[in-house]
Amino acid sequence: MASGKTASGKTAAGKTLVIVESPTKMRSIQSYLGDGYEVLSSVGHIRDLADKRDIPEKDREAYGKYSIDIEHGFEPYYVVSDRKTKTVSELKRALKDASELLLATDEDREGEAIAWHLLETLKPKIPVKRMVFHEITKDAIQAAVEKTRELDLALVDAQETRRILDRLYGWDVSPVLWRKIGSGSSGAALSAGRVQSAATRMVVDRERERMAFVSASYWGIEATAARAAESFSVRLVRVDGAPLAVGRDFDDKGQLKRAVVVLDEAGARQLSTAIDETGTARVTKVEAKPGTRRPSAPFTTSTLQQEAGRKLGMTAKVTMSVAQSLYERGYITYMRTDSTNLSAQAISAAREQAVALYGESAVPLKPRSYASKSKNAQEAHEAIRPSGDRFRTPKEVAGQLGRDEQRMYDLIWKRTIASQMSDAKFETTTVTLETEADGRKVEFTASGTVYTFKGFLEAYEEGRDEKRGDADEAKEQSLPRVAEGDELALSDATAKGHETTPKPRYTEASLVKALEERGIGRPSTFASIIGVILDRGYVVKRGQALVPTWIAFSVIRLLEDHFSELVDYDFTAELEDDLDAIARGEQRRVDWLKSFYFGGEGHPGLRNIVDNLGEIDARAINSMPITETATLRVGKYGPYLEVVDPAKPDEKPRIVNVPEDLAPDELTPEKAQELIDAPVVSDRVLGENPENGKIVVVKDGRYGPYVQEQEPPSADEVDETTGEVAEEPKKRGAKKAAAPKPRTASLFKSMTPETVDLDTALRLLSLPRVVGEDPESGEQITAQNGRFGPYLKKGSDSRSLESESQIFDITLEQALELYKQPKYGARRASSALKEFDNDPVSGKPIRVRDGRFGPYVTDGETNATIPRGETVDEIDFERAKQLLADKRAKGPVKKRTTTRKTTTTRKPAAKKK
């Protein structure tokens with residue numbers, strides 16, 4: 001413990017050093033603590049498991065490929081990452097002049113582990129304390145300084161166990177995917193992981209349900225009932241006392257689950273005509289039922305991600321980024337939490353604000369409390385709420401926050417206030433009407449709900465995900481006052497057809513909810529997990545829906561067939577429970593890892609599973625029968641259909657490409673046949689090149705359509721009806737000398753194989769086009785198309801063109817003017833996808849550009865790639881600033897050299913259990 005501390009925090013020896021993990025937190029906390037403290041940032045983790053090349057030769061046998069000594073207590077080998085050597089040096093320099101060290105990283109497993117790694121790396125010789133807080137306000141920070149604690153090694157053990165578990169799982173299973181399946185979209189390496197694989201399986205399982213689903217048709221009738229000038233909608237619900245079929249009466253195979261009346265189109269239209277002819281109906285029943293609605297609990301990490309997705313259209317990753325910014329700037333409490341609890345001061349603040357805004361009746365007599373489902377509640381103390389003992393209203397912070405921050409703060413503020421407000425009270429009235437039509441007794445119903453006291457709904461109403469059967473739900477409406485026995489006019493009877501629908505695909509919001517309900521992963525990791533399955537090409541987004549790719553089907557099939565326990569939902573959830581038990585100190589880290597890896601208590605162990613895989617048929621794993629003659633294959637360049645001719649089973653199957661945007665559940669046998677029967681547009685003869693007599697053909701290749709010159713075929717090699725060029729049979733024998741490659745040219749994006757003509761093809765084949773010579777240097781300037789788009793070339797100097805059409809149209813004068821402008825500078829400003837104000841750090845304007853590897857944010861000094869799953873439209877000024885700040889915090893990427901020096905450290909034996 002430090003001694004002799006003054007009120008300002010100074011000691012006789014020097015300042016108190018406070019280390020946090022975020023630069024933004026560093027600045028905020030420094031302003032609250034004053035000159036007696038020096039606050040520095042570690043910028044996240046400073047070290048991690050070593051690469052094999054970073055381990056000294058003498059230790060490589062023990063630590064193996066995992067950087068973990070499996071035979072001796074699963075001891076990990078850590079190294080300080082290249083990007084953090086400068087940070088560590090700065091922290092060590094500051095530590096020399098400090099009298100006390102406060103480790104003030106986040107109060108969860110990851111934060112506790114960062115603090116432990118700092119302790120192990122810095123090896124301070126001064127008193128060290130753990131400083132924790134869950135909101136960044138002056139009162140909270142000053143209270144945290146006075147109320148420190150010791151490092152929680154149980155939390156560190158839990159984090160380290162998870163890291164080792166993920167390394168063992170990923171490094172043992174992923175290579176099997178590489179060997180048997182290959183790579184994902186755009187060449188991305190495939191990977192397996194305890195949570196990402198389970199999440200991918202959930203998305204694939206939902207698509208399988210959709211593929212197996214058989215739709216059923218049913219018809220209903222709606223009409224208008226009226227009394228005097230007041231009218232309302234009614235729906236047919238019974239015919240001759242039997243219920244009329246609705247969507248929920250059918251199973252996923254299109255079969256009825258109970259005895260109901262199913263109207264077809266003819267029957268529904270005939271009955272609706274008869275109802276109109278009857279013209280009246282009698283009220284047989286009026287039933288009024290009171291009800292109440294309770295407010296939702298304050299936000300946890302999971303519910304914030306779900307609600308931000310529904311109401312704000314934010315991805316899980318963007319949600320966490322915006323929430324982190326609000327937390328670090330002192331506007332909300334810590335955003336990684338499973339707890340729904342509110343502190344006494346927060347409850348008081350919420351109730352006082354609700355009364356001030358909505359009156360005394362807005363809050364119940366007793367404060368509300370909410371029970372957390374998690375045993376650990378992510379080791380945090382509170383739900384996500386506005387910070388402080390008095391909540392700032394959205395209007396009060398409007399000028400201080402960016403657009404996304406403002407929207408999220410408004411959401412959190414409303415949810416927190418509503419959580420302490422009174423129940424909403426309502427009354428639902430259901431009216432039943434009866435009449436005779438076409439010799440049958442028909443009954444209609446209508447419902448209306450009236451809120452007698454809005455309660456918490458004055459402040460907030462929770463969103464909801466799409467569900468099956470929504471089309472069958474009656475719309476809310478206001479009903480006139482009627483009584484049993486009243487005769488009402490009945491008109492405008494309309495027959496309406498319906499079809500049952502499969503379960504909707506997961507969205508990010510609904511997948512987060514499903515993962516939490518199954519106990520798979522932890523809410524703080526959901527955003528990164530969804531990011532991984534998107535980046536690996538297992539899932540693509542169609543609007544908000546998550547659609548699995550065929551590569552995901554192959555991966556999950558292999559894992560189910562050969563690593564079934566590792567993708568079992570219950571087993572994955574049990575792993576999380578075990579990690580929680582380690583975090584609470586109820587389970588020993590080493591004992592648990594031994595059981596997981598070597599087996600025990602009914603679990604075969606990861607090593608035994610990998611060592612006894614047996615033969616895996618890669619072709620079978622990557623195949624899925626669609627029809628008797630067509631099989632879907634997942635190949636190196638994507639999915640395709642392999643079609644066998646039943647009359648010639650021994651011949652080479654025909655290959656038919658599958659469109660990239662075709663979802664798996666849309667590849668029905670009918671669609672497959674449509675693709676098979678589609679006219680062949682590749683290898684279409686366009687004509688003869690008059691300059692050399694060669695035949696010009698349009699083809700559809702792996703990288704898109706292109707034109708190619710070929711030697712003139714003999715007359716019998718061209719199919720006159722289709723224009724297809726028949727392939728010459730391959731001859732056996734000695735290899736011939738390699739022939740010169742034929743000239744080829746890709747089609748522009750505006751062209752299609754069906755419409756391209758000979759003149760256009762000849763222009764493409766003539767590229768690169770000589771624009772002219774630079775009068776100063778005499779160098780030739782050419783225009784051409786490249787992998788990353790159209791450009792000009794003069795020697796080794798190039799300039800991008802704005803469109804492909806400029807390749808043929810640009811003049812020498814225009815080209816010279818383009819070369820006069822800077823390669824990267826003002827010339828490109830007009831081509832920015834978006835432009836914002838100046839970055840607060842660099843003072844330069846922020847722009848969104850489209851680069852070789854996708855869109856990115858730049859201020860001219862720092863470039864930050866826009867993460868997959870986010871679109872350019874979603875990027876605003878605040879998000880752009882955050883991306884640049886995150887990239888700066890990571891520091892520059894250093895190039896590896898064979899003589900690189902690394903710092904290695906091992907865990908002290910005392911920590912082992």
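Tutor: Let's start with a cut-off: a residue is buried under 20% relative accessible area, exposed over 50%, and partly exposed in between. The model here is a predicted one.

Student: Then why is K414 called partly exposed?

Tutor: Set its value against the cut-offs. K414 has a relative accessibility of 28%, and partly exposed covers what lies between 20% and 50%, so K414 counts as partly exposed.

Student: And what makes D410 partly exposed?

Tutor: Same kind of check. The relative accessible area of D410 is 23%, which is not under 20% and not over 50%, so D410 is partly exposed.

Student: How do you know that K414 and D410 form a salt bridge?

Tutor: The test asks for a side-chain nitrogen of Lys or Arg within 4 Å of a carboxyl oxygen of Asp or Glu. Between K414 and D410 the N to O distance is 3.2 Å, so with 4 Å as the limit the pair passes.

Student: Why are K414 and D410 said to be about one helical turn apart?

Tutor: Both sit in helix α13 (residues 403–419), and they are four residues apart, so about one turn separates them. As a rule, an α-helix has 3.6 residues a turn, so residues three or four places apart point the same way.

Student: What makes K671 and E674 a salt bridge?

Tutor: The closest N and O atoms of K671 and E674 are 3.1 Å apart. That is within the 4 Å limit, so the name fits. These two are three residues apart in helix α21 (residues 669–677), again about one helical turn.

Student: Why do K671 and E674 both get the label partly exposed?

Tutor: K671 comes out at 23% relative accessible area, and E674 at 48% relative accessibility. Partly exposed lies between 20% and 50%, so the label holds for K671 and for E674.

Student: Which salt bridge links distant parts of the chain?

Tutor: R109 with D580, whose closest N and O atoms are 2.2 Å apart. R109 is in helix α4 (residues 109–122), D580 is in helix α17 (residues 569–583), and their positions lie 471 residues apart along the chain. R109 and D580 are both buried. Over the whole structure, the search finds 58 salt bridges.

Student: R109 turns up elsewhere too, right? How far apart are the C-alpha atoms of L153 and R109?

Tutor: They are 9.6 Å apart, for residues separated by 44 positions along the chain. L153 belongs to helix α6 (residues 153–180). Its relative accessibility is 38%, so L153 counts as partly exposed.

Student: On to the loops. Why is F74 called buried?

Tutor: Its relative accessibility is 0%, and anything under 20% is buried, so F74 qualifies. F74 lies in the loop between β4 (68–69) and β5 (75–80). It also has a positive phi, about 55 degrees, although it is not a glycine.

Student: Where does D438 lie, and is it buried or partly exposed?

Tutor: D438 lies in the loop between β12 (424–437) and β13 (440–453). At 41% it falls between 20% and 50%, so D438 counts as partly exposed. Its phi is near 55 degrees, a positive value in a residue other than glycine.

Student: Which residues does the cis peptide bond join?

Tutor: L767 and P768, with omega about 5 degrees. P768 is in the loop between α22 (758–765) and β25 (769–773).

Student: How do you know that β25 and β26 pair?

Tutor: Pairing takes at least two bridges. β25 and β26 (residues 780–786) have four, in the antiparallel sense, so they pair. One of the bridges puts V770 opposite T782 in β26.

Student: What makes β25 and β28 edge strands?

Tutor: The open sheet runs β25-β26-β27-β28, with antiparallel pairing. β25 and β28 (797–800) each have a single partner strand, so one side of each is left without a neighbour in the sheet.

Student: Last one: why do the buried residues of α22 line one face of the helix?

Tutor: A761, L764 and L765 are buried in α22. Seen down the helix axis, the buried residues fall within an arc of 95 degrees, so they line one face. What covers them includes β21 (684–688) and α23 (806–809).

Conventions. Residues are numbered from 1 along each chain as its sequence is written. This is a predicted model: local features need pLDDT of at least 70, side-chain atom pairs count only at pLDDT 80 or more; totals for chains, interfaces and linings use all residues. Side-chain values use heavy atoms; hydrogens and water are left out. Buried means under 20% relative accessible area, exposed over 50%, partly exposed in between (1.4 Å probe, protein chains only). The arc is that of the directions from the helix axis to the C-beta atoms. Contact means heavy atoms within 4.5 Å.
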